[in-house]
Amino acid sequence: MRKPSAYLMVAALVMAGALLMAPTASAKPKGPGDVTPVIFVHGGSGSAQQFESNAQRFTSNGYPHNRLFAYEYDTSTSGDESIAAAVAGLDDFLAEVKDKTGFSQVDIAGHSRGTTVMHSFLSTPARAANVRRYVNFDGRTSDSEPGGVPTLAVWGEGDQTRAIVGATNVYFPNKAHTEVTTSAEAFGEVYEFLNGEEPKTTQVVPERPGRVTVAGRAAVFPQNIGNEGARVEIWRVDPATGARAEDSPRHAVTVGADGRFGPFNVNGERRYEFAVSTGEGTVHYYYEPFTRDDHFVRLLTAPGLA
């Protein structure tokens, strides 16, 4: 998604009446105790990328970065055993989120195969007790709200009679299966469901260019395991040619077992190349300008590549 740069000209009477430039501001942070943590559970052949845009919409509405999480798991196999493994992994992940945030309950949004993981997870009352609200993105149907947890079901293209009985069911017949997890319109429904009020904005609100940070993971896909030992470099590039504009990277790090890197500062008005190198080669990624903090960047490579 292209992230537009936008600024507001604010007239202020300063000394001789000069005009001051001020950046567009996001909503005032609600504070660490005011918003329930949100965990996104992706679908088959998915990752945190399907949460990337809406995570920025959450922070545009005052959510702190440390209240937003993505549970990533192996979707290279299918069947009951793989779902059971994903559910077991979610147990540990949720416990870590609760420990980090101090919350006894979280909000969880599952997409596609992630809804199968969540329906299985919520079928156990002790697990369901950890979940305050649940969002079901274009996946499983049900005769009742999973685990008795208040549920919003968001449906994209396909059969518009699908439903979770007892839940709030919202339909977007003109949005694709994955688009429902990334669109501004669906975000508006999700935010209101989780918070009891409409969001102040459904847009990704630009921040001051010099204060933007990026963070994420270099991972092997679709296993979603960290690309341990890979070197991640961030290069500033010429927007006209894509060629590197400097002799050395702005940032460089060798990632550990979790594949995590950052947060690193970037300029929200410039373009960057991300390079992931291993003994097998280098993979290059080119992005639109990061006009807002993005802490869900995913540098994904297939097994045997970089």
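1. Start with the largest nonpolar core, which has 25 residues. Six of them touch the most other members: F51, F58, L68, V135, F137 and V154. Keep in mind that this is a predicted model.

2. Next, see where the core residues come from. At least two are supplied by each of these elements: strands β3 (38–41), β4 (68–71), β6 (131–137) and β7 (151–155), and helices α1 (49–60) and α6 (184–195). Which element gives the most? α6 does, with six residues.

3. A second core lies apart from this one. It holds 22 residues, and V97, V117, M118 and A128 are among them.

4. Now look closely at F51. Set aside its neighbours within four places in sequence. F51 is then in contact with V38, F40, F58, L68, F69 and F296. Is F51 buried or exposed? F51 is buried, and F58 is buried too.

5. Turn to the rings. How many aromatic pairs does a search of the whole structure find? The count is 15. F51 and F58 make one such pair. Their ring centres are 6.3 Å apart, and the planes meet at 45 degrees. This pair is classed as tilted because the angle is neither under 30 degrees nor over 60.

6. The pairs also join up. F40, F51, F58, Y63, F187, Y191 and F296 are linked by ring pairs into a cluster.

7. Finally, check two arginines against aromatic rings. R133 places its charged end over the ring of F193, 4.9 Å from the ring's centre. R244 lies over the face of W235, and here the distance to the ring centre is 3.9 Å.

Note on methods. Residues numbered from 1 in each chain as written. Predicted model: local features only at pLDDT ≥ 70, side-chain atom pairs only at ≥ 80, totals over all residues. Heavy atoms only, no water. Phe/Tyr/Trp six-rings, centres within 6.5 Å; stacked < 30°, edge-to-face > 60°. Buried < 20%, exposed > 50% of the residue type's maximum accessible area, 1.4 Å probe, protein only. Lys NZ or Arg CZ within 6 Å of the ring centre and 35° of its normal. Core = buried A, V, L, I, M, F, W, Y, C linked by side-chain atoms within 4.5 Å. Helix = DSSP H or I, 4+ residues; strand = E, 2+ residues; numbered from the N terminus. Contact = heavy atoms within 4.5 Å.
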